[in-house]
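Here is a colleague's note to read slowly, with the picture open beside the text. Each numbered point takes up one topic and tries to say plainly what the terms in it mean.

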Amino acid sequence: MALKYRAILFLVILIWFTGIFTEWFIKYDEHLLFALPFLKKSYSLVCHQQPAKLILFDGGETLTCARCTGIYAGALISAFVFLFSSKLKLPGIKFLFIPVIFMLGDIFLYSVHIYSYSKNIAFITGLLLGSAGFFYLYAGLKNLIIEIKNRE
Amino acid sequence: MKKYISSLVTGFGAGVLQIVPFLRSFSCCMIIPLASFFSLLLNQMATKSREKISSKNALLFGVMTGLYAALFGTIFEIFITFITKHNDIIATFPELQRMVENFPVSPEIKTEVLNIFQNVRNEILTYGFSVLYTFSVLINNLIVDTIFGAIGGLIGAQVINNRLNNRIN
């Protein structure tokens, strides 16, 4: 995939990821306060936003839970890596299922009270899934570009 | 459009799941991408196809699933708001007030923001409908669901193709 496509992909994920921290940016531009409820609603479509599971930081909290923040952070890290190396080979499907098992395992274990919900564990399992999932998204986009070019 | 009947089915399911609080909290950000994945699987089963899914098809199925989910999600949300005259804006308004008060911004901005949401809240409490709320729900659902649907379609196709590859080998 050409650098310009990889850069666009990275930029889109970066914008989405930055949006999670909108509350933090309000102190730099107070007009963002107008957009905050709208953005909360947007992120609520892809995250339950349970208050106990949001990450608290200086001046606010994230608009997605720890796990979702981890997923997007993972995708962002992978997108950054792909900016510099486009020839990484798509690993087997097990590569995607291992983080899924970790994530489902965490959800199951805290749901049956083996241990308490931990934002750190949720974030890390999300991070693993996001970074692995990006490989497959990247492969899909790469194939799509090839298909479009072949048709031309 | 008959081609996208599986997207209609899973998009409808996702639209319903998106507005049920308990189910929503369970499946979190996976609802729309999984709906796209299942629409591809359903289509494969319905057409009894053993061929690899092209990325273009995967993208189209994903986008269609997202569009259907957005459409149904918006209709259900607006309809439920209209019937009950209650929604998350009403429920979270006191929290929003507290939150806005705590931000280090000028009092004019705080008042303006709260006025906008007070108006929306009053419209919903009185008529069960607010143009601004409806517009924001529709735009939000259309953009977010379509993008996540497309992502789910592209990743889902990789997973399905990988499985097909393993079967062939």
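1. Two residues are said to be in contact when they have heavy atoms within 4.5 Å of each other. With that in hand, I78(B) can be placed: leaving out residues up to four places away in sequence, I78(B) touches F129(B), Y133(B) and T134(B).

2. A word on the source of the values: this is a predicted model, in which local features need pLDDT of at least 70 and side-chain atom pairs count only at pLDDT 80 or more, whereas totals for chains, interfaces and linings use all residues. Residues are numbered from 1 along each chain as its sequence is written, chains are lettered from A and ligands numbered from 1 in the order in which they are written, and side-chain values use heavy atoms, with hydrogens and water left out.

3. Chain A contains 6 helices and 2 strands, where helices (H or I, at least four residues) and strands (E, at least two) are DSSP runs numbered from the N terminus. Read from that end, the order of elements in chain A is α-α-α-β-β-α-α-α. The C-alpha trace of chain A spans about 50 × 45 × 25 Å along its principal axes.

4. How much of chain A is buried? The share is 48% of its 152 residues, if buried is taken as under 20% relative accessible area, exposed as over 50%, and partly exposed as in between (1.4 Å probe, protein chains only). The accessible surface of chain A comes to about 7900 Å², and 72% of this belongs to carbon and sulfur atoms; the areas come from the Shrake-Rupley method with a 1.4 Å probe, and for residues only the protein chains shown count as cover. Among the contacts in chain A with a separation of 6 or more, 73% are between residues 24 or more positions apart.

5. Helix α4 of chain A, residues 66-84, allows a simple check of length, for which the expected span is 1.5 Å times one less than the number of residues. Its 19 residues should span 27 Å, and the end C-alpha atoms are 28 Å apart, which agrees. This helix is mostly covered, since 15 of its 19 residues are buried.

6. The largest nonpolar core has 77 residues, and those with the most contacts inside it are L33(A), Y72(A) and F134(A). Helix α7 of chain B, residues 131-168, gives the most to this core, with 10 residues. Such a core is a set of buried Ala, Val, Leu, Ile, Met, Phe, Trp, Tyr and Cys residues joined through side-chain atoms within 4.5 Å. Apart from neighbours within four places in sequence, L33(A) is in contact with I26(A) and also with V100(B), F103(B), V105(B), I109(B) and V113(B).

7. Returning to chain B, I78(B) lies in helix α4, residues 55-84, and counts as buried because its relative accessibility is 17%. The C-alpha atoms of I78(B) and K56(B), which are 22 residues apart along the chain, are separated by 33 Å. I151(B), found in helix α7 of chain B, counts as partly exposed at 26% relative accessibility; the C-alpha atoms of I151(B) and A58(B), 93 residues apart along the chain, are separated by 9.2 Å.

8. Two residues deserve a look for their backbone angles. Most residues other than glycine have a negative phi. H113(A), although not a glycine, has a positive phi of about 60 degrees; H113(A) lies in the loop between α5 (94-111) and α6 (119-151) of chain A and is exposed, with a relative accessible area of 69%. K85(B), also not a glycine, has a positive phi of about 50 degrees; K85(B) sits in the loop between α4 and α5 (88-102) of chain B and is partly exposed at 35%.

9. Is the polar residue K53(A) buried or exposed? K53(A) is buried, with a relative accessible area of 14%, and it lies in the loop between α3 (32-44) and β1 (54-57) of chain A. Leaving aside neighbours within four places in sequence, the contacts of K53(A) include H48(A), C65(A), Y110(A) and K119(A).
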